[in-house]
Amino acid sequence: MARRIESLFLEGPAGRLEALLEEPEGPEAENAAPREACLVCHPHPLFGGTMHNKVVYRIARGMRRAGAVVLRFNFRGVNLSEGEHAHGPGEMEDARCALAFLRGRYPELPYSMAGFSFGSRIIMRLGCKIAGEGEDRKPERLIAVGFPTTMGKYEYLAHCGLPKYFVHSSIDVHGPKADLEAAFAGFAEPKQLQFIDAGDHFFAGKLAELEDAIAAIGEKRALE
């Protein structure tokens, strides 16, 4: 039986949001119920970022390999999503809306969030905000791929106790290795940092390794 892929529109805070919901894939996933739900956010809308970005696609497929049902969506103003770019706060509300849909569709499943570049900033801030709001069901993990240290503030990560995974290219102009290592040292536990010896911010030549790294994270039930 082929896995189910559903194209849909969500009612977002600035209009409808274009989205794609995909069930787990692979031999072990066939005919098996998802064991987790994961929201994946794309890179910066003003620089060509969409839910079909190749890194986002690999993140989503890695999580599906690990048994997750994955929701990708386009932020406001991207492709068929309505509205205009809102420089971060609005996009975080878009992500919150998409997450609410995903949790409503799979209320019994644990959930995680992942994102690439700008999307990684969104999911980190949203996940830590949810944790601070005292919700009973907090994210199982936050996965930041290509976390950009050269833009935005991230002091809040020093106090965010959710499990945080960072997967990063060893060559990244938006998050130089030394800068991320220095910042990571101040982030709250539990946390994990993994570098992949790739050619650039977009994991040139190493997308398969990135997908494998994401699948391995998705298969973990806890971060010590």
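## A buried cysteine and its partner

Cys160 is buried, with a relative accessible area of 4%. The model that contains this residue is predicted. Cys160 is joined to Cys128 by a disulfide, and the two sulfur atoms lie 2.1 Å apart. A disulfide is a covalent bond between the sulfur atoms of two cysteines. The link between Cys128 and Cys160 is left-handed, with an angle of -95° about the S-S bond. This pair connects distant parts of the chain, 32 residues apart: Cys128 belongs to helix α3 (residues 118–132), while Cys160 sits in the loop between β6 (142–145) and β7 (164–169). Cys128 also counts as buried, at 13% relative accessibility.

How many disulfides does the structure contain? The count comes to 1 disulfide.

## Cysteines without a bond

Cys41 takes part in no disulfide, and the nearest cysteine sulfur, in Cys38, is 9.1 Å away. A disulfide requires two cysteine sulfur atoms within 2.5 Å, so the 9.1 Å between Cys41 and Cys38 rules out a bond. Cys41 is buried, with 0% relative accessibility.

Why is the sulfur of Cys97 not bonded to the closest cysteine sulfur? That closest sulfur belongs to Cys41 and lies 11 Å away, which is too far for a bond.

## The open sheet

The strands form the next topic. An open sheet is built from 8 strands, arranged in the order β1-β2-β4-β3-β5-β6-β7-β8, and the pairing is mixed. Which strands stand at the edges? They are β1 (5–12) and β8 (191–196); each has a single partner strand, so one side of each has no neighbour in the sheet. On average, neighbouring strands of this sheet are turned by 20° against each other, with direction ignored.

Within the sheet, strand β3 (residues 36–41) pairs with strand β5 (residues 111–116) in the parallel sense, over 5 bridges. One residue of this pairing is Cys38, whose bridge partner in β5 is Ser112. Helix α3 packs on the sheet and touches β3, β5, β6 and β7. The direction of α3 makes about 150° with that of β5. Helix α3 is also the element that holds Cys128 of the disulfide.

## Salt bridges

The structure holds 15 salt bridges. In one of them, Glu6 is bound to Arg4, and the closest N and O atoms are 2.9 Å apart. Both partners are partly exposed: Glu6 has a relative accessible area of 22%, and Arg4 has one of 36%.

Another salt bridge brings together the side chains of Asp94 and Arg76, at 2.9 Å from N to O. This pair links distant parts of the chain, 18 residues apart, with Asp94 in helix α2 (residues 89–105) and Arg76 in the loop between β4 (68–73) and α2. Are Asp94 and Arg76 buried or exposed? Both residues are buried.

## From helix α2 to a network

Helix α2 also contains Arg96, which forms a salt bridge with Glu133. The closest N and O atoms of Glu133 and Arg96 are 3.2 Å apart. Glu133 lies in the loop between α3 and β6, so this pair, too, links distant parts of the chain, 37 residues apart. Glu133 is partly exposed, with a relative accessible area of 41%, and Arg96 counts as partly exposed at 22%.

Some salt bridges share partners. In this way Arg58, Arg61, Arg65, Glu211 and Asp212 are joined into one network.

Notes. Residues are numbered from 1 along each chain as its sequence is written. This is a predicted model: local features need pLDDT of at least 70, side-chain atom pairs count only at pLDDT 80 or more; totals for chains, interfaces and linings use all residues. Side-chain values use heavy atoms; hydrogens and water are left out. Helices (H or I, at least four residues) and strands (E, at least two) are DSSP runs, numbered from the N terminus. Buried means under 20% relative accessible area, exposed over 50%, partly exposed in between (1.4 Å probe, protein chains only). Two strands pair if DSSP finds at least two bridges between them. Axes are lines fitted to C-alpha atoms, for helices over the stretch in contact, and angles run from 0 to 180 degrees between N-to-C directions. Contact means heavy atoms within 4.5 Å. A salt bridge is a side-chain nitrogen of Lys or Arg within 4 Å of a carboxyl oxygen of Asp or Glu.
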